[in-house]
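Subject: Structure handover

Hello,

Here is the structure you asked about, with notes on what was found in it. Please read the notes with the coordinates open.

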Amino acid sequence: MLAQAPRTSLADTAAAGIRTEIASGRWAVGTRIPIESQLAHRLGVSRGTVREAIRTLVHGGLLEVRQGSGTYVLSNVDPSEGLHKLRRASLRDQFELRCALEVEAARLAALRHTAHDLRRLRTLLDQRGSREDAQGAAGFIERDMAFHLAIVDISGNLALVETCRFVSGYIRETIASTMGDGPPEPGEDAHRAIVDAIASRDPERAAAAVRAFMAPMIAALTPTTATTMATTAP
């Protein structure tokens with residue numbers, strides 16, 4: 001028996017109840033879930049609320065509605081839950097994730113790029129400019145992000161591309177954090193070093209260039225030993 005939904009945020013709570021059944025394995029991938037009237041009775045909500053909850057879960061990729069057949073479990077992995085957990089990650093965690101993704105992207109780009117890809121990267125780098133440009137911080141962030149995501153695209157790895165799209169909001173946050181009093185923004189030389197390393201077709205050189213690029217930002221967000229000892233001392 002599903003726990004009845006409280007009277008606040010009924011659709012969200014109903015969706016959470018359905019997620020619980022999926023996550024527990026009671027409703028496996030490929031299983032047809034109960035019809036709206038049965039779910040409404042078990043959750044203690046209206047059919048309209050169930051319908052709204054199902055729409056939310058279809059949009060999130062957990063359920064699939066098959067016309068004339070019913071609603072089926074499409075996946076037992078909820079992307080929205082992953083995003084919720086990512087929101088609790090520190091800025092340093094986000095930079096470290098970005099570093100891991102971009103190191104592999106650059107490594108693969110060094111192996112797979114074409115002459116057109118290199119021209120594209122150099123054009124994007126020229127367009128990136130600097131954060132002092134008249135177009136403002138928002139424009140700079142988008143141009144910088146376009147450069148870095150182009151490297152991921154050139155990697156030719158669809159899973160890597162989709163993962164970076166999934167966390168693109170957090171990549172944008174890391175770039176934005178360098179615009180104020182946060183970690184230092186790498187200059188044009190550091191960006192060009194990545195392009196040159198990719199152009200060399202040496203995957204390890206490309207990976208090292210990205211690590212060198214990310215290192216000052218991650219270091220700026222890492223507490224010193226003395227600070228760590230001070231905060232953990234009894």
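I will start with one residue in the first part of the chain. Glutamate 21 is found in helix α1, which covers residues 10-24. Is this glutamate buried or exposed? Its relative accessibility is 8%, so glutamate 21 counts as buried, the cut-off for that class being under 20%. Some way along the sequence is asparagine 76, 55 residues from glutamate 21, yet the C-alpha atoms of the two are separated by 9.6 Å. Please keep in mind that this is a predicted model, and that every value here is computed from it.

Overall make-up

The protein chain has 12 helices and two strands. Reading from the N terminus, the order is α-α-α-β-β-α-α-α-α-α-α-α-α-α, so the two strands come directly after the third helix in the DSSP numbering. Of the 234 residues in the protein chain, 37% are buried. Among contacts in the chain with a separation of 6 or more, 68% are between residues 24 or more positions apart.

The hairpin

Strands β1 (residues 63-66) and β2 (residues 70-73) run antiparallel and are joined by four bridges. They form a hairpin with three residues between the strands. In the turn, glycine 68 has a positive phi of about 80°. Two of the pairings can be picked out by residue: leucine 63 has valine 73 in β2 as its bridge partner, and valine 65 stands opposite threonine 71 in β2. There is also a charge over a ring here: the charged end of arginine 66 sits over the ring of tyrosine 72, at 3.9 Å from the ring centre.

The nonpolar cores

In soluble globular proteins, nonpolar side chains tend to be buried together. What is the size of the largest nonpolar core in this model, in residues? The count is 39, and the residues with the most contacts inside this core are Leu121, Phe147, Ile151, Ile194, Ile198 and Met214. Helices that each supply at least two residues of this core are α5 (91-112), α6 (115-128), α7 (136-154), α8 (158-166), α9 (168-177), α10 (188-199) and α11 (203-220). The largest share comes from α5, with nine residues.

Methionine 214 touches Phe95, Arg98, Cys99 and Glu102, leaving aside residues up to four places away in sequence. A second core of 17 residues is separate from the one above and includes Ala14, Ala53, Leu57 and Val73. Val73 is also the bridge partner of leucine 63 in the hairpin.

Cysteines and aromatic rings

How many disulfides does a search of the whole structure find? The result is zero. Cysteine 99, one of the residues touched by methionine 214, has a relative accessible area of 13% and is therefore buried. Cysteine 164 has a relative accessibility of 1%, so cysteine 164 counts as buried too. A search of the whole structure for aromatic pairs likewise finds zero.

Residues in loops and on helix α5

Where does arginine 201 lie? Its place is the loop between α10 and α11. Its phi is near 65°, a positive value in a residue other than glycine. With a relative accessible area of 43%, arginine 201 is partly exposed, because that class runs between 20% and 50%.

Glycine 187 lies in the loop between α9 and α10. It is partly exposed, with a relative accessible area of 39%. The C-alpha atoms of glycine 187 and glycine 129 are separated by 10.0 Å, while their positions lie 58 residues apart along the chain as a sequence distance.

Glutamate 104 is found in helix α5. Its relative accessible area is 30%, so glutamate 104 is partly exposed. Asparagine 157 is 53 residues from glutamate 104 along the chain, and the C-alpha atoms of these two are separated by 9.8 Å.

Regards

Notes:
Residues numbered from 1 in each chain as written. Predicted model: local features only at pLDDT ≥ 70, side-chain atom pairs only at ≥ 80, totals over all residues. Heavy atoms only, no water. Core = buried A, V, L, I, M, F, W, Y, C linked by side-chain atoms within 4.5 Å. Buried < 20%, exposed > 50% of the residue type's maximum accessible area, 1.4 Å probe, protein only. Contact = heavy atoms within 4.5 Å. Disulfide = S-S within 2.5 Å. Phe/Tyr/Trp six-rings, centres within 6.5 Å; stacked < 30°, edge-to-face > 60°. Lys NZ or Arg CZ within 6 Å of the ring centre and 35° of its normal. Pairing = 2+ DSSP bridges.
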